[in-house]
Amino acid sequence: MFNRGNRMLKQRNDAQSIRMPVITTFLILICVLVWVLYRETGEKPDSLSGLMKENLNSFRSSVKLDPTVEFRNGTDLIWQIPDSPKAILFLAHGCNGKAANFWDRSPKCPNCVGLPEERLIVLNALARRFAVLVVSSAERCWSFEEERLIVKDIIEWWVVKQKLQSLPLVALGASSGGYFVSVLATDLRFSSITIMIAEGLFDQMDIPKSYPPTLFVHMPKDKRRRVIIERYLTLLKGKGIDVAEIKCMEFALSPNLLADRIPGLDLATSVRLYNLFKEKGFIDTKGFMRNDGRAIKWKAALKEGEIILPDKSIVNHIQEEMNLAFAYHEMTSLQSEHIFNWFETHMS
């Protein structure tokens with residue numbers, strides 16, 4: 001009897017000893033699967049959490065857009081100086097851009113259009129007490145020879161005119177403007193620069209030891225540009241230049257996002273647009289763009305859906321936010337806090 005009991009106990013223990021590794025292995029497999037799924041989806045947040053989710057109205061109590069428009073050397077320049085400025089920010093737009101994109105339409109600037117990302121960059125700058133100067137390129141995109149000298153002259157003339165010579169000078173350029181700023185930095189003494197959705201022209205110029213600290217703000221979905229930026233980060237770092245990068249990832253649209261970020265677009269229209277994009281398959285079930293906004297025939301769908309916008313110009317604003325959500329190539333204000341922290345930590 002005692003021996004039989006020992007045999008039964010031994011069999012039970014043997015069964016448990018076999019079962020435990022199986023359970024442990026199963027649990028490990030589950031953990032690995034969860035980790036893989038998180039890794040694959042971790043760069044696609046369901047909302048703007050982790051980014052700087054700014055409501056366009058949040059600045060209105062403390063910062064007002066109040067531009068001054070001038071014409072010099074054959075081009076437009078628009079500027080605004082906050083009370084007690086601590087630095088100067090020169091902004092260079094991308095192809096098809098212009099200075100008027102950075103401020104809202106007003107009696108002082110009747111031709112301004114206030115694209116959402118551009119105007120938010122200006123609002124962030126003013127809130128951080130940066131004087132802002134924007135110059136329009138002579139042609140569709142920036143050129144890198146004579147136009148450099150023209151812009152250099154404009155910036156130096158404006159700084160003296162406004163009696164701001166004692167302030168640090170920084171620059172941010174996007175796309176074509178990013179290439180332009182990368183070269184302009186050899187002509188002007190910037191405390192630091194930010195090159196957005198561009199890799200710069202570092203393989204086409206001599207890089208002096210005095211070249212300013214450089215921040216790359218880019219969208220890794222553009223793989224070709226990402227590889228070049230990685231190479232230039234190494235190149236500049238090897239020359240003793242302080243460099244850093246910010247990677248901008250895609251995010252999901254939400255029913256209220258367009259209303260939050262585009263002045264003049266009401267919540268009801270924003271919700272209708274979101275539902276239309278979902279119905280037409282422009283976004284997936286989670287709200288992520290299936291393609292770049294420029295490649296989607298959403299304007300035709302707008303007419304089919306009989307959605308009337310309060311202002312026809314808002315089409316360009318919607319286009320910009322769709323491009324931004326897809327995160328391939330678009331100006332972005334979402335990383336403004338990091339960008340201005342970069343500027344401030346490199347002021348001299």
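**A chat about strand E6 and its surroundings**

Biologist: Is strand E6 mostly covered or mostly open, and how many of its residues are buried?

Modeller: In this predicted model, strand E6, which spans residues 192-196, is mostly covered, with five of its five residues buried.

Biologist: Which way do those residues point?

Modeller: Ser192, Thr194 and Met196 point one way from E6, while Ile193 and Ile195 point the other way, and all of them are buried.

Biologist: What sense does the pairing of E5 and E6 have?

Modeller: Strand E5, residues 169-174, pairs with E6 in the parallel sense, and the pairing runs over five bridges. As one example of a matched position, Val170 has Ser192 in E6 as its bridge partner, and Ser192 belongs to the group that points the same way as Thr194 and Met196.

Biologist: OK, zooming out, what order do the strands of the sheet have?

Modeller: The sheet is an open one of eight strands, in the order E1-E2-E4-E3-E5-E6-E7-E8, and its pairing is mixed. Strand E1 (68-72) and strand E8 (243-247) stand at the edges, and each has a single partner strand, so one side of each is left without a neighbour in the sheet. From one strand to the next, the twist averages 20°.

Biologist: And at the E8 end, how many bridges join E7 and E8?

Modeller: Strand E7, residues 214-218, and E8 are paired over five bridges, in the parallel sense, and within E8 it is Lys247 that stands opposite His218.

Biologist: Which strands do helices H2 and H5 lie across?

Modeller: Helix H5, made of residues 223-238, lies across E7 and E8 and runs at about 170° to E7. Helix H2, made of residues 116-127, lies across strand E2 (75-80), strand E3 (87-92) and strand E4 (130-135), and runs at about 150° to E4.

Biologist: How many helices are there in the protein chain?

Modeller: The protein chain has 10 helices, alongside eight strands. Of its 348 residues, 49% are buried, and among contacts with a separation of 6 or more, 69% are between residues 24 or more positions apart.

Biologist: Switching topic, how many cavities of 30 Å³ or more does the structure hold?

Modeller: There is one cavity of 30 Å³ or more, and the space in the largest cavity comes to about 40 Å³. It is lined by 10 residues, of which Cys248, Met249, Leu324, Leu334 and Gln335 are the closest to its centre.

Biologist: Last one: how does that lining divide into nonpolar, polar and charged?

Modeller: Eight of the residues in the lining of the largest cavity are nonpolar and two are polar, with no charged residue in the lining.

Methods. Residues numbered from 1 in each chain as written. Predicted model: local features only at pLDDT ≥ 70, side-chain atom pairs only at ≥ 80, totals over all residues. Heavy atoms only, no water. 1 Å grid on protein atoms, 1.4 Å probe; cavity = no way out; pocket = protein on both sides within 12 Å on 5 of 7 lines; lining within 4 Å. Points joined across faces, edges and corners; volume = space filled by probe spheres on them. Nonpolar A, V, L, I, M, F, W, Y, C, P; charged D, E, K, R; others polar. Pairing = 2+ DSSP bridges. Helix = DSSP H or I, 4+ residues; strand = E, 2+ residues; numbered from the N terminus. Axes fitted to C-alpha atoms, helices over the stretch in contact; angles between N-to-C directions. Contact = heavy atoms within 4.5 Å. Buried < 20%, exposed > 50% of the residue type's maximum accessible area, 1.4 Å probe, protein only.
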